[in-house]
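Biologist: Could you take me through the places where the chains meet, and the core they share? I'd be glad of one connected account.

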Amino acid sequence: MRTTLPLIITFIVGVFMLGEFFIPHWYYQHIKTLVLEFGTVIAGVAFLLGVINLTQVNLPRVLERQPDWIYKAIMLGSMVVTTFFGFWEAGPRMEDGMVYKWLFDFLLVPLNATMFSLLAFYIASAAFRAFRARNAEATVLLVAACIVMLARVPIGEQIPVIGSYLSVFQNWLMDVPNVAARRAIFVGAALGAIATGVRIILGIERSHLGSD
Amino acid sequence: MLEWLIKFQRMDRRWVFLGMAIAIFIPLVFPLQLPFRVDKEVRDVYRQVEKLPEGSAVLISADFDPASVPEIGPFFTTHLHHLFRRNLKPVLVTLWPTAIPLVLPEIKAIAKTYNKKYGEDFVFLGYKEGKELVIKNIGQNIFQQFPTDYDGTPLPDLPIMQGRRQAKDFPLIVSISAGFPGLNEYVLQIQGQYNLNMVGVCTAVGGPDYIPFYKSGQLKGLSMGMPGSAQYEKLVWKDKPAPGVKLLATAAMDVLNLGHVFIIVLIIMGNIAFFITRRIEEA
Amino acid sequence: MEEMAFAQLVGAWVSIFLTLTVLSFLFDDNPIYKVAEHLFMGVATGYGIVEAYWNLLKPNLFDKIGQGFSGESDQLIYLIPLVLSVMLLFKISPKYAWVARVPIAILVAAYAAVKITGETSGKLIGQIGASFPNMSESWDKHGLWNWEADGAGVISDTLLVVGLSACLIHFYFSEIDARSQRLGVPMGIVTFVLVMACALTMAPIESTGGKIAVGLGLGLCAAAPFLTLSPYKHLLTRFGVMVLMISFGASFGFTVMGRISLAIGRGQELLGQSRAPVEVAQIHPQIATLVSAVIIITCLFIFRKKEH
C-alpha cells in the first residue's frame with residue numbers, strides 16, 4: 001500500500017499529463033492546468049521542507065556547540081531575521097527604506113555576485129595549469145577556445161589582416177561544428193530524459209519514493 | 001632551466017589571481033574604447049522589437065539573479081527603454097525569486113521617465129516556483145497560474161491583461177535567462193507547442209547551448225552574455241544614451257579585451273613551459 | 001543634490017566590505033569569508049521562504065481557499081493541494097515519511113510527463129528537423145562558401161550533417177559483428193551514387209557545377225552514416241570527437257567570457273562605476289574599498305599569526 005498507491009498515482013498523473021497533445025477538449029485542458037498549478041504549490045511547499053531540514057541539521061550543532069557552530073548560528077540567525085522582516089513588512093517589503101529590501105540589496109546582492117565572480121580567477125588558474133595541448137583532441141579544443149576568446153572581444157577584430165577573417169571563422173565554428181555537436185548531445189540527452197520519464201511513469205524507476 | 005620551468009608551472013596560483021585582478025582593474029580605470037561589431041543574432045533581437053506594431057504587449061520572463069546582472073542586466077535595462085520608447089507594453093514574470101528586487105524597481109524607474117502607467121502600459125506578475133510546470137501554464141492559462149499581479153491586483157482588473165490569457169496572445173516572448181529554469185525550458189515546453197515568436201537572452205556560459213535553437217528558427221534572435229548586451233546597447237542608443245543612462249556593458253567590453261588576452265597568454269605560456277620541460281626530460 | 005538615507009549609505013559600505021570579504025577567499029580560506037558564506041546561505045534561504053509564501057502559497061493556495069469559503073465554491077478544489085502540502089510535510093517524521101510519497105508521486109509524475117513532451121517537441125523534433133538543410137537553396141544563396149555570411153554554403157551544410165552523424169555514431173558504443181561490417185562500404189557507395197544521380201537529374205539548379213556540388217554534399221551526408229557498418233567506423237567517430245572538441249573549446253571560451261564578466265561587475269561596483277554620480281559623491285566607494293581592504297588584510301594577518 002505504502003509503495004503501490006504512490007506508483008498508481010504516478011502512472012495515472014503521468015499518463016493524464018501526456019494526453020494533452022491528443023485530447024484538446026477544454027475541460028481536459030482545464031484539469032491539466034489545475035494539476036500543473038497544484039504541482040507548483042507542492043514545489044513551493046517542498047522548498048519549505050528544505051528549510052525545515054536545514055534547521056533540523058544545523059540547530060543541534062549550534063546547541064551542542066560543535067566545531068564551527070558559530071557559522072551555523074550566523075546562517076540560522078540571518079535566515080530567521082530575513083524571514084521575520086519578510087513577513088513583518090509584508091506587501092511593501094520591496095520598497096526603499098524597508099529592512100527586507102536592505103538585506104537583499106546590501107547583503108544578498110554583493111555576496112551572491114562576488115561568490116560567482118571568484119570563478120573568473122579560478123578559471124584563469126585552470127587555464128594556466130591544466131590546459132595543455134597533449135594530443136590532437138586537446139589541441140583542437142585549445143585552439144577553438146583561443147579563437148573564440150579572441151574573436152568575441154573587440155581586440156580580436158583589430159588584429160591587422162586576419163581580424164575580420166577571425167571573426168567570420170569564429171562565427172562559423174559556432175554555427176557549424178558547435179551546432180552539430182550540440183545537436184548530437186541534445187538528441188542523446190533528450191532520449192535519456194524521455195527514457196527516464198517513461199520508466200518513472202511505468203513505475204520501473206522508483207528511487208524518488210525512497211526506501212521503506 | 002628545467003628547474004625554473006617546473007617551478008614556473010607550479011607557481012602559487014595567487015600570482016595568477018593577482019594578474020587577473022590587474023587585467024580587470026586597469027581597463028576599468030583607463031578604458032581603451034575599442035569599437036565592436038554587432039552580431040546577426042543580436043540584430044535579430046532588435047529587429048523583432050522594431051517590427052512590432054505600437055501598443056503590442058511583450059511577455060518578458062526575467063529569470064536571473066544578482067550574480068548574472070553584469071552580463072544580462074544591461075540588456076534588461078536597455079530592452080525596457082527600447083520597449084517604452086516604441087510604446088510597447090512589457091508584461092513581466094519571473095521564475096527566479098532573486099529577480100524580483102532586480103527587475104521591479106528597474107521597470108518602475110524606467111517607466112516613470114517615459115510617463116508610463118502601471119497596469120496599463122506595463123505590469124509585473126511576480127514570481128512562481130514550479131519551474132517547467134509554471135512555464136507550461138504560461139503557455140496554457142496565465143490567469144490560472146498568476147491569479148494576481150505582484151501587488152495583489154487580480155489580473156482581470158488590469159487593462160494591460162485584457163485579451164491576453166495565454167503566451168500565444170503575445171506577439172513576442174523574451175526570455176532573459178541566467179540558467180535553469182529559463183530559456184531552454186521555455187523553448188522545450190511552449191515555444192514549439194504554440195509556435196511562439198520568441199527571442200532569447202542568456203549568459204555567456206549558456207551561449208553555445210542556445211545557438212542551435214537560433215539556427216533552427218526556434219529562437220528568432222539571441223543575445224549572449226556581456227558582448228550581446230553591449231551590442232544591443234549600441235543598437236538601441238546608437239552611442240547617444242538618454243540622460244542618466246549608463247552603458248555598463250559597453251564600458252565592460254574594454255575589460256573583457258584584456259581579460260581574454262590575459263587568459264590566452266597564460267595558456268600559451270603554460271604550454272610553452274610544458275613542452276620545453278617535456279623535451280628536456282625526454283632528452 | 002538628492003540626499004541618500006543613512007541606511008543606504010551604511011548599506012553601500014557594507015556591500016563593498018562584503019564584496020572584499022568574499023574576494024579574500026582568493027588569498028586563503030579564512031573565518032571572515034566563512035562568516036560571509038554562511039550569511040549568504042541564511043539570507044538567501046530566508047528570502048526564498050518569504051517570496052515562496054507571498055508569491056505562490058498565498059495567491060495560489062490560501063487566497064483561493066479563502067474565496068472558496070466565501071462563496072466561490074469551485075475554488076474549494078484548492079483544498080486538494082492544501083492536503084497534499086500537509087502530507088508532504090510528513091517527510092520530516094521518520095515514522096510517517098511514507099505519507100509524503102503521494103504528493104511526491106504527483107510532482108514527479110507531472111515533471112516526468114512535461115519532460116517527455118518538452119524534450120520530444122523542443123529538442124528531438126525541433127533540432128533534428130532543422131538538420132536537413134536545403135542545399136539547392138543554399139547553393140543559390142551562398143554557393144560553396146560565402147565569407148559575407150559567416151561561411152554559409154554547401155560545404156558548411158555538408159559538414160553540419162556529417163558532423164552531427166559522426167557525433168551520434170561516436171555515442172553508439174555497441175560492438176558490430178564482422179559480418180555486418182561488410183555491409184557498410186557497398187551500401188554507402190550505392191547510396192552515394194543514387195543520391196548523386198538524383199541531384200544531377202532533379203536538383204532545381206541551373207548550373208552543372210552547382211548540381212555536382214549539391215550532389216556531392218547530399219551524397220556524403222547520406223552515405224557517411226553507413227560507415228558505422230564498416231571497418232572504417234573509427235574514422236567517422238574520430239571526426240565526431242574532433243567536432244565535439246571544437247564545441248567544448250567554444251564552451252570554454254564562452255565560460256571564460258562569462259566569468260570575467262561577473263568579475264567586471266564587481267570591479268565596477270567597487271569603483272562606483274555602476275552607480276549614479278549623485279550616489280558616488282555621497283558614498284565615496286573608492287574610500288570604502290580602501291578602508292574595507294585595510295580591515296580585511298589586517299584580519300587576515302591576525303588570523304595567520306594566531307594559526308602559527
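**Where the chains meet**

Modeller: Happily! Between the two chains, 98 residues of chain C are in contact with 100 residues of chain A, contact meaning that C-beta atoms, placed from the backbone, lie within 7 Å. On chain C, the elements giving two or more residues to this side are α1 (6–23), α2 (31–69), α3 (79–89), α4 (101–129), α6 (154–170) and α10 (233–270). Helices here are DSSP runs of H or I with at least four residues, strands are E runs of at least two, and both are numbered from the N terminus. By class, that side of chain C has 67 nonpolar, 22 polar and nine charged residues. Nonpolar covers Ala, Val, Leu, Ile, Met, Phe, Trp, Tyr, Cys and Pro; charged covers Asp, Glu, Lys and Arg; the others, Gly among them, are polar.

This is a predicted model: local features need pLDDT of at least 70, side-chain atom pairs count only at pLDDT 80 or more, and totals for chains, interfaces and linings use all residues. Residues are numbered from 1 along each chain as its sequence is written, while chains are lettered from A and ligands numbered from 1 in the order in which they are written.

Chain B meets chain C too, with 46 residues of chain B in contact with 41 residues of chain C. On the chain B side, α11(B) gives the most, eight residues, and the classes there are 25 nonpolar, 14 polar and seven charged.

As for A:Ala124, leaving aside neighbours within four places in sequence, this residue is in contact with B:Val16, B:Met20, B:Phe262, B:Ile263 and B:Leu266.
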